[in-house]
Amino acid sequence: MDSLDARMERLEGRLRRWQGLTLAAFVLAGVGLGSAALRDEATQEHPGELVASRLVLKDARGRTRASLEANRHGGASLVLNDSEGRPRALLGVGEDDSPRLRFSTAEGESLAELMVFSDEAPRLTLSKSGGAELFSVGLQVDGSSRLELADVTGRPRAILGADEEGSPGLLLVDRRGQARVELRVGSSDEASLVLEGRNGQVFRAPGVQ
């Protein structure tokens with residue numbers, strides 16, 4: 001009788017082990033099927049997607065011709081290089097979310113730049129080799145506009161603009177930055193002209209309605 005009980009206990013132990021192994025197999029199979037389903041779903045949701053923080057395009061000589069990058073500070077940029085691998089054009093979004101398009105010399109100096117501030121203030125600048133801005137035009141956040149022509153040193157010499165109400169004005173400046181001619185049309189459509197000489201003498205034309 002003892003021998004039969006022992007055999008029964010061994011048989012029951014084996015049965016319990018087989019049940020445990022079978023359950024584990026089903027669990028692993030379920031996990032594998034679930035992972036495969038998630039991979040398939042991700043593939044179907046974003047077919048052909050390539051995820052990377054930096055992509056570099058090189059030519060046959062191994063020189064970098066283009067790079068696309070998202071930096072750790074929140075900005076993103078596309079840089080195009082010339083045949084010598086020098087950056088010449090940039091399209092980017094800065095850390096403050098301001099978009100920018102820039103064209104540069106082979107030495108990296110900006111020649112032309114278009115930028116938008118605060119979602120409503122675009123500005124275009126043209127520069128000479130060396131960095132001095134010779135021309136700029138833009139809209140301000142308050143709704144006013146401004147166009148500047150500068151000399152070779154970058155000092156504004158002619159400023160044409162309109163305030164937030166649309167009233168236009170022209171200002172001419174000498175080489176020292178002193179205003180010499182001011183022509184305006186006010187909000188009530190009155191015109192004014194002010195001329196200033198070298199010795200401080202000022203001529204004001206009579207107001208014209």
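## A buried glutamate in strand 9

In this predicted model, E148 counts as buried because its relative accessibility is 18%, under the 20% limit that defines the term. The residue belongs to strand 9, which spans residues 145–150.

Leaving aside residues up to four places away in sequence, E148 is in contact with L134, F135, S136, P156, A158 and I159. The C-alpha atom of E148 also lies 6.4 Å from that of V137, a residue eleven positions away along the chain.

## A negative surface patch

Five acidic residues, E95, D96, D97, D119 and E120, form a negative patch on the surface. Two of these members can be described further.

D97 is situated in the loop that links strand 4 (87–93) with strand 5 (99–104). With a relative accessibility of 56%, D97 counts as exposed. E120 occupies the loop between strand 6 (110–117) and strand 7 (121–127). This residue is partly exposed, its relative accessible area being 46%, because the partly exposed class runs between the 20% and 50% limits.

## Positive phi angles at two aspartates

D97, a member of the negative patch, has a phi near 70°, a positive value in a residue other than glycine. D189 likewise is not a glycine and has a positive phi, of about 70°.

D189 lies in the loop between strand 12 (179–185) and strand 13 (191–196). The relative accessible area of D189 is 58%, so the residue is classed as exposed, the threshold for that class being over 50%.

Key. Residues are numbered from 1 along each chain as its sequence is written. This is a predicted model: local features need pLDDT of at least 70, side-chain atom pairs count only at pLDDT 80 or more; totals for chains, interfaces and linings use all residues. Side-chain values use heavy atoms; hydrogens and water are left out. Patches are made of residues with over 30% relative accessible area and no salt bridge: like charges are joined within 9 Å, nonpolar side chains (Val, Leu, Ile, Met, Phe, Trp, Tyr) within 5 Å. Accessible areas come from the Shrake-Rupley method with a 1.4 Å probe; for residues, only the protein chains shown count as cover. A salt bridge is a side-chain nitrogen of Lys or Arg within 4 Å of a carboxyl oxygen of Asp or Glu. Lys and Arg count as positive and Asp and Glu as negative; His and the chain ends are not counted. The place of a charge is taken as NZ of Lys, CZ of Arg, CG of Asp or CD of Glu. Helices (H or I, at least four residues) and strands (E, at least two) are DSSP runs, numbered from the N terminus. Buried means under 20% relative accessible area, exposed over 50%, partly exposed in between (1.4 Å probe, protein chains only). Contact means heavy atoms within 4.5 Å.
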